[in-house]
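Me: I should like to take a close look at a single part of this structure and then follow how the rest is arranged around it. Please explain it formally, in terms suited to a first-year student.

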Amino acid sequence: MLNQTTSDTLFTQAQALIPGGVNSPVRAFRSVGGTPVFMQSAAGAWLTDVDGNRYVDFINSWGPMILGHAPAVVLDAVRAALPHSLSFGAPTRRESELAELIIEMVPSVEKVRLVNSGTEACMAAIRVARGYTGRAKILKFEGCYHGHADAFLIAAGSGALTLGTPDSAGVTHGVAQDTLTVPYNDLPAVAAAVAANPGQIAAIILEPVVGNMGLVAPQQGFLQGLRALCTAQGIVLIFDEVMTGFRLAPGGAQELFGIAPDMTTLGKIIGGGLPVGAYGGRADIMNQVAPVGKVYQAGTLSGNPLATAAGLAQLRHLQNNPALYAQLNATTTRLADGTRQIAQELGLNYTVNQVGSMFSLFFTSGPVNHLEDAKRCDLPAFGRYFHAMLARGIYLAPSQFEALFVSTAISDELVEMYFHACRESLVEAHRA
Ligand code: PMP
């Protein structure tokens with residue numbers, strides 16, 4: 001085949017060996033078409049693929065690389081930890097240091113348990129909430145993603161009060177029956193679901209700012225309303241801050257909006273790019289966890305010494321340099337405002353949502369406040385835009401239903417490069 005790239009060759013090989021050729025579905029470019037780019041290395045804002053092409057990275061490993069790629073402060077910490085052990089399976093000092101730092105930066109967290117992924121964190125959090133309350137059901141929001149544990153792979157069938165139906169083969173109806181789903185930003189729907197299931201809901205779990213249907217912000221009063229309802233009904237309020245934690249503010253979305261959940265799930269960023277997650281919250285709730293309490297949860301590699309070294313270095317750097325948040329927000333506001341303006345100048349009535357250093361361009365008119373709004377997007381046009389940007393060296397999330405994550409490595413010059421590519425790519429995507 002003419003112009004066969006190394007990525008094409010590797011993808012063909014991978015597809016014979018790994019389902020879809022990837023170890024996480026969205027990487028396969030299914031929703032935008034084409035061959036995923038196989039990466040070789042990265043530094044700062046730049047990714048280099050196996051063919052030597054370079055891209056400015058606006059995914060940053062879906063969030064954790066907030067300082068850009070290969071930051072010296074994190075690499076040095078991992079290098080220093082490396083000779084001592086890759087895994088002990090026994091307690092280490094750094095686990096307490098990381099726990100202490102998380103508790104300091106996220107004040108609603110009084111005790112925390114380290115795990116290996118965001119999925120594990122969310123899966124454990126609802127088990128703890130169920131153990132704590134003695135109730136079976138959970139309530140989640142359409143379009144929020146909390147990892148791939150069975151209980152979360154439930155789509156809203158027909159509104160707030162109906163029982164869920166599984167969204168994935170392999171999830172049983174038994175599990176689905178315990179997951180209620182309602183539209184995001186819809187407090188009356190939450191109240192109706194709670195009223196229809198009196199004394200049965202253990203937890204309400206949500207992304208306090210959603211990254212997984214594209215970027216969607218909580219509307220005025222939504223988080224406050226959930227907090228009040230949960231307090232009144234004895235429901236455990238869980239903020240899934242796997243994307244927003246340590247990103248939207250040092251204390252995450254809960255600091256930004258001034259709402260304290262009962263439990264918080266974390267991931268990605270607290271490992272600096274190595275596999276880590278964490279769940280934490282009120283001490284009386286966390287004391288339900290084994291070995292002190294009756295809720296079992298464990299992990300051979302949990303608190304891994306390299307992961308804690310990387311995470312501690314990254315979080316300490318963020319804590320010691322609060323001005324980085326102002327820089328990230330300013331850069332992202334420029335990107336979001338500029339994108340909005342370019343779309344407008346081209347006569348495209350599109351929506352740009354932004355909170356802190358996360359943003360999305362939705363290929364639909366606004367507002368986009370929940371999943372049904374996001375679903376109106378022109379997905380073929382988004383796919384053409386994605387590929388036009390990629391060809392111009394801009395690496396975006398390969399799906400309309402994802403947020404972009406900005407790192408501190410994005411300079412003014414790279415913002416200009418992005419604008420130039422954005423304008424040309426929007427034109428190309430809409431050429432008749
Ligand atoms: N919660 C949220 C909000 C997420 O964005 C993700 C992953 N994108 C998860 C949980 C699951 O995390 P992981 O992929 O580390 O299992």
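In strand 3, which residue is the bridge partner of Thr-48?

Reply: The model is a predicted one. In strand 3, Thr-48 has Arg-54 as its bridge partner. This pair belongs to the contact between strand 2 and strand 3 (residues 54-57), which pair in the antiparallel sense over three bridges. Strand 2 and strand 3 form a hairpin with four residues between them. Gly-52, in the turn of this hairpin, has a positive phi of about 90°.

Thr-48 also takes part in a pairing with strand 1. In strand 2, Thr-48 is the bridge partner of Ser-41. Strand 1 and strand 2 (residues 46-49) run antiparallel and are joined by four bridges. These strands form a hairpin as well, with two residues between them, and Gly-44 in the turn has a positive phi of about 60°.

The two hairpins can now be placed in their sheet. Four strands form an open sheet in the order 1-2-3-15, and the pairing is mixed. Strand 1 (39-43) and strand 15 (394-395) stand at the edges with a single partner strand each, so one side of each has no neighbour in the sheet. As background, strands of a sheet pair through backbone hydrogen bonds, either parallel or antiparallel.

The loop that follows strand 3 deserves attention. Asn-60 lies in the loop between strand 3 and helix 2, and Trp-62 is placed in the loop between strand 3 and helix 2 too. Phi of Asn-60 is positive, near 55°, and phi of Trp-62 is positive, near 65°. Most residues other than glycine have a negative phi. Asn-60 is buried, because 27 other C-beta atoms lie within 10 Å, where 20 or more are required for that description. Trp-62 is buried too, with 20 other C-beta atoms within 10 Å.

Helix 2 leads to the next element. The buried residues of helix 10 pack against helix 2 (72-81), helix 3 (93-105) and helix 11 (323-345). Helix 10 (residues 305-320) has 16 residues and reaches 22 Å from its first C-alpha to its last, close to the 22 Å expected at 1.5 Å a residue. Helix 10 is mostly covered, since 12 of its 16 residues are buried. Among the buried residues are Pro-305, Gly-311, Leu-315 and Leu-318.

The contact between helix 3 and helix 10 may be described in detail. The axes of the two helices come within 9 Å and cross at roughly 35°, and helix 3 passes helix 10 in a left-handed crossing. From helix 3, the residues in contact include Arg-94, Leu-98, Leu-101 and Met-105, while those from helix 10 include Thr-308, Leu-312, Leu-315 and Arg-316. By class, this contact of helix 3 with helix 10 has seven nonpolar, three polar and four charged residues. An α-helix has 3.6 residues a turn, so residues three or four places apart point the same way.

A further sheet has seven strands. These form an open sheet in the order 4-12-11-10-9-5-8, and the pairing is mixed. Strand 4 (111-115) and strand 8 (179-182) stand at its edges, each with a single partner strand, so one side of each is left without a neighbour in the sheet. The twist averages 20° from one strand to the next. Strand 4 pairs with strand 12 (residues 277-281) in the antiparallel sense over five bridges, and Arg-113 stands opposite Tyr-279 in strand 12. Helix 3 packs on this sheet and touches strand 4, strand 11 (263-267) and strand 12. The direction of helix 3 makes about 125° with that of strand 4. Helix 3 is thus a partner of helix 10 and of the sheet. Helix 6 (residues 187-196) lies across strand 5 (137-141), strand 8 and strand 9 (201-206), and runs at about 155° to strand 8.

Finally, two peptide bonds should be noted. Most peptide bonds are trans. A cis peptide bond joins Ala-290 and Pro-291, with omega about 10°, and Pro-291 lies in the loop between helix 9 (283-286) and helix 10. The peptide bond from Gly-366 to Pro-367 is also cis, with omega near -10°. Pro-367 lies in the loop between strand 14 (358-362) and helix 12 (371-374).

Notes
Residues are numbered from 1 along each chain as its sequence is written. This is a predicted model: local features need pLDDT of at least 70, side-chain atom pairs count only at pLDDT 80 or more; totals for chains, interfaces and linings use all residues. The expected span of a helix is 1.5 Å times one less than its number of residues. Two residues are in contact if their C-beta atoms, placed from the backbone, lie within 7 Å. Axes are lines fitted to C-alpha atoms, for helices over the stretch in contact, and angles run from 0 to 180 degrees between N-to-C directions. A crossing is left-handed if the near helix is turned anticlockwise from the far one by less than a right angle, and right-handed if clockwise. Ala, Val, Leu, Ile, Met, Phe, Trp, Tyr, Cys and Pro count as nonpolar, Asp, Glu, Lys and Arg as charged, and the others, Gly among them, as polar. Two strands pair if DSSP finds at least two bridges between them.
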